[in-house]
Amino acid sequence: MLNRFAGWSAARPGARFWSAPALAVAMAAGLAVTPAAADRGAPQIDNSAIGQEAFRPHIRTWGLVFTLPEDVVGKLNATVAGPLKEQLLALGLETEAIRANIPHVTVVHIHNPDEQTPARMLAALPKPPGPVQVQLKKFYTTEAAKGAGSPWWLDLGVVKQGDGYETLMSYNTAAAAALAPLRDGPLPRVTGPVHARMGEAGRELVRAMGVSGVNVVKDGKEVRAHNPHNTLVYSTKPFTPAISAAMDDLAAHFNAIFPGGVPATFGTVSIVELGFAGNVTREVYRISLKDGSALDVASGETIRR
């Protein structure tokens with residue numbers, strides 16, 4: 001249970017944890033926000049898949065995510081999950097209707113086939129914030145890159161203001177810098193036809209960080225590309241005009257159900273394994289935002305740090 005976890009130790013040799021104030025100071029000074037722990041076990045990074053016509057083969061994608069609280073998952077299951085499944089089946093999207101996913105808001109994803117990557121991620125992890133309060137609002141469809149065809153998603157956004165949102169953005173900056181060095185190369189879903197249709201800013205992030213949509217510190221300033229959201233549908237099928245129109249209509253229907261959005265308080269952040277499209281297939285480590293303690297989800301054991 002969470003209340004039995006050991007506390008997060010800031011005294012671990014080589015640890016460098018970033019609070020929001022410390023991160024701001026580091027950014028102002030133009031410092032790279034990269035914990036020394038990220039160097040240990042870091043792989044050789046191969047960017048040769050960038051620019052190829054096909055997607056890079058997917059082996060293992062790992063991520064850091066805020067898991068959606070049970071009360072929010074229950075509310076969404078009771079209101080929008082049923083109509084969503086009906087629409088997916090009507091559109092012939094059976095795979096999307098049954099695809100496994102642990103509801104979450106992503107911090108960062110990396111690709112690396114090495115099964116030791118989650119442990120290295122835990123060692124390199126910047127100190128998580130306390131519990132984070134945000135407002136989930138606005139359902140919408142989006143493509144990995146406009147015109148790429150796939151993957152595409154149905155998302156529920158996060159209101160882009162308030163202390164909770166600022167915490168998500170600051171932690172993304174720190175975590176992306178700490179964990180990106182552990183990748184073996186670009187995330188497969190941002191290569192091939194997606195990379196070909198990205199703007200130059202997105203391509204630069206793929207080259208430098210292995211993924212688009214993360215915040216970085218450049219010339220001493222935070223450059224924000226991160227868009228925190230919860231995804232309800234993950235699809236690698238072609239995003240045809242008919243599917244686009246039907247899913248946009250469904251998103252509008254859901255927005256009418258929740259005109260003010262859904263409040264959510266994140267109490268945990270997890271290191272997870274993901275599918276090609278970004279859906280979470282399993283938790284590896286779960287970290288409490290109340291006391292910083294960590295759990296090995298498979299064994300139920302406390303991780304001593």
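Helix H6 covers residues 163-179 in this predicted model. With 17 residues, H6 runs 24 Å from its first C-alpha to its last, close to the 24 Å expected at 1.5 Å a residue. As for its surroundings, 14 of the 17 residues of H6 are buried, so the helix is largely enclosed by the rest of the structure.

Turning to the aromatic rings, the count comes to five aromatic pairs. One of these brings together Phe-55 and Phe-276, whose ring centres sit 5.2 Å apart. Their planes make an angle of 80°, and since anything over 60 counts as edge-to-face, that is how this pair is classed. Phe-55 comes from the loop between helix H1 (20-28) and strand E1 (61-67), while Phe-276 comes from the loop between strand E9 (268-274) and strand E10 (280-288), so the pair ties together parts that are 221 residues apart in sequence. Neither ring is fully tucked away: Phe-55 is partly exposed at 26% relative accessibility, and Phe-276 is partly exposed too, at 21%. The cut-off for buried is under 20%, so Phe-276, with its 21%, does not make it into that class.

Phe-139 and Phe-254 make up another edge-to-face pair, with 5.3 Å from centre to centre and 65° between the planes. This pair also links distant parts of the chain, as Phe-139 belongs to strand E3 (residues 132-143) and Phe-254 to helix H9 (residues 241-257), 115 residues apart. Here both partners are out of the solvent's way by the numbers: Phe-139 is buried at a relative accessible area of 3%, and Phe-254 is buried at 0%. Elsewhere, ring pairs join Phe-66, Tyr-171 and Phe-266 into a cluster.

Strand E1 offers one more spot to look at, namely Thr-61. Thr-61 has a relative accessible area of just 1% and is therefore buried. Its side chain makes a polar contact of 2.9 Å with the side chain of His-58. Leaving aside residues up to four places away in sequence, Thr-61 touches His-109, Ile-110 and His-111, along with Leu-187 and Pro-188. Val-272, Glu-273 and Leu-274 are also among the residues that Thr-61 touches.

Note on methods: Residues numbered from 1 in each chain as written. Predicted model: local features only at pLDDT ≥ 70, side-chain atom pairs only at ≥ 80, totals over all residues. Heavy atoms only, no water. Phe/Tyr/Trp six-rings, centres within 6.5 Å; stacked < 30°, edge-to-face > 60°. Helix = DSSP H or I, 4+ residues; strand = E, 2+ residues; numbered from the N terminus. Buried < 20%, exposed > 50% of the residue type's maximum accessible area, 1.4 Å probe, protein only. Expected span 1.5 Å × (residues − 1). Polar contact = N/O pair within 3.5 Å; in protein donor to acceptor, adjacent residues only side chain to side chain. Contact = heavy atoms within 4.5 Å.
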